[in-house]
Amino acid sequence: MRGKRLQETPAWLCLILRAVLTIGTVLAMTAAALYILRHWGLEAMLILFVTASGAFWGWAIRWLWRDGRITLSHILVIWMVWTGTILGGASYYLAYRGLNSDLETLSRYVMVEVVAGIGGYFIKSGIENVLKGKQNGGTTKEAANSLVDIIV
């Protein structure tokens, strides 16, 4: 019943409603960010960003996983991008605060977490593609060509 009513709504009304909701959301988020910056500072904004982005990615992953549109490999890539973004933001924050010793430690952690994670994922994908090529009756050369296609 609910879906039927939505289909009967004129397109121009849906467009106006979406525009109003988008503008209202942007204004509310801007006001909230300014309030948080004024009363709690940059640390609170960093915490809010980490929490909100984690909640968003958790919701998006769950939704896409239940629909069957992503695999475990997709989830790993999303996780690496999210952690890299958070760690990169934290390093900029530490540089802003002038905490160089903490920044150096974080830089090493980012190097290990992000670069090693991406390297491990690359190796895993390559092995899977080679094995999949052999299982499907293809030759090792065809599997290697598919691996080259992924790289390029």
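Okay, let's start with Trp82, which is buried, at a relative accessible area of 17%. Buried here means under 20% relative accessible area, exposed means over 50%, and partly exposed is in between, using a 1.4 Å probe and protein chains only. Before I go on, this is a predicted model, where local features need pLDDT of at least 70 and side-chain atom pairs count only at pLDDT 80 or more, while totals for chains, interfaces and linings use all residues. Residues are numbered from 1 along each chain as its sequence is written, and side-chain values use heavy atoms, with hydrogens and water left out.

So, the overall picture. The protein has 6 helices and 0 strands, and along the sequence that reads α-α-α-α-α-α. Helices (H or I, at least four residues) and strands (E, at least two) are DSSP runs, numbered from the N terminus. There are 152 residues, and 18% of them count as buried. The accessible surface is about 11900 Å², with 69% of that belonging to carbon and sulfur atoms; that area comes from the Shrake-Rupley method with a 1.4 Å probe, and for residues only the protein chains shown count as cover.

Now, the aromatics. How many aromatic pairs does a search of the whole structure find? It finds 5. Two rings of Phe, Tyr or Trp (its six-membered ring) pair if their centres lie within 6.5 Å; planes under 30 degrees apart are stacked, over 60 edge-to-face, and the rest tilted.

Take Phe56 and Trp59: their ring centres are 6.3 Å apart and their planes sit at 40°, so this pair is tilted. Both are in helix H3, residues 42-67, and they are 3 residues apart, about one turn of the helix. Phe56 is partly exposed at 44% relative accessibility, and Trp59 is exposed at 51%.

Back to Trp82, then. The rings of Trp82 and Trp79 have centres 5.3 Å apart and planes at 45°, so they make a tilted pair too. These two sit in helix H4, residues 72-97, again 3 residues apart, about one turn. Trp79 is partly exposed, at 47%.

Over in H3 there's also a cluster: Phe56, Trp57, Trp59 and Trp63 form one aromatic group. And Trp63 has a neighbour, because the charged end of Arg69 sits over its ring, 4.7 Å from the centre; to count, NZ of Lys or CZ of Arg must be within 6 Å of the ring centre and within 35 degrees of the ring normal.Let's stay with H3. H3 has 26 residues and reaches 37 Å from first C-alpha to last, close to the 38 Å expected at 1.5 Å a residue (that's 1.5 Å times one less than the number of residues). Just after H3, Gly68 takes a positive phi of about 75°.

Which residues of H3 are buried? Ser53, Ala60, Ile61 and Leu64 are among them, and H4 is part of what covers the buried residues of H3.

Ser53 shows this nicely, being buried at 10%. Leaving out residues up to four places away in sequence, Ser53 touches Trp82 and Ile86, where contact means heavy atoms within 4.5 Å. A polar atom of the Ser53 side chain also lies 2.9 Å from the backbone oxygen of Phe49.

Last stop: Thr83, in helix H4, is buried at 11%. Thr83 and Val50 are 33 residues apart in sequence and 9.4 Å apart in space, C-alpha to C-alpha.

Technical notes. Polar contact = N/O pair within 3.5 Å; in protein donor to acceptor, adjacent residues only side chain to side chain.
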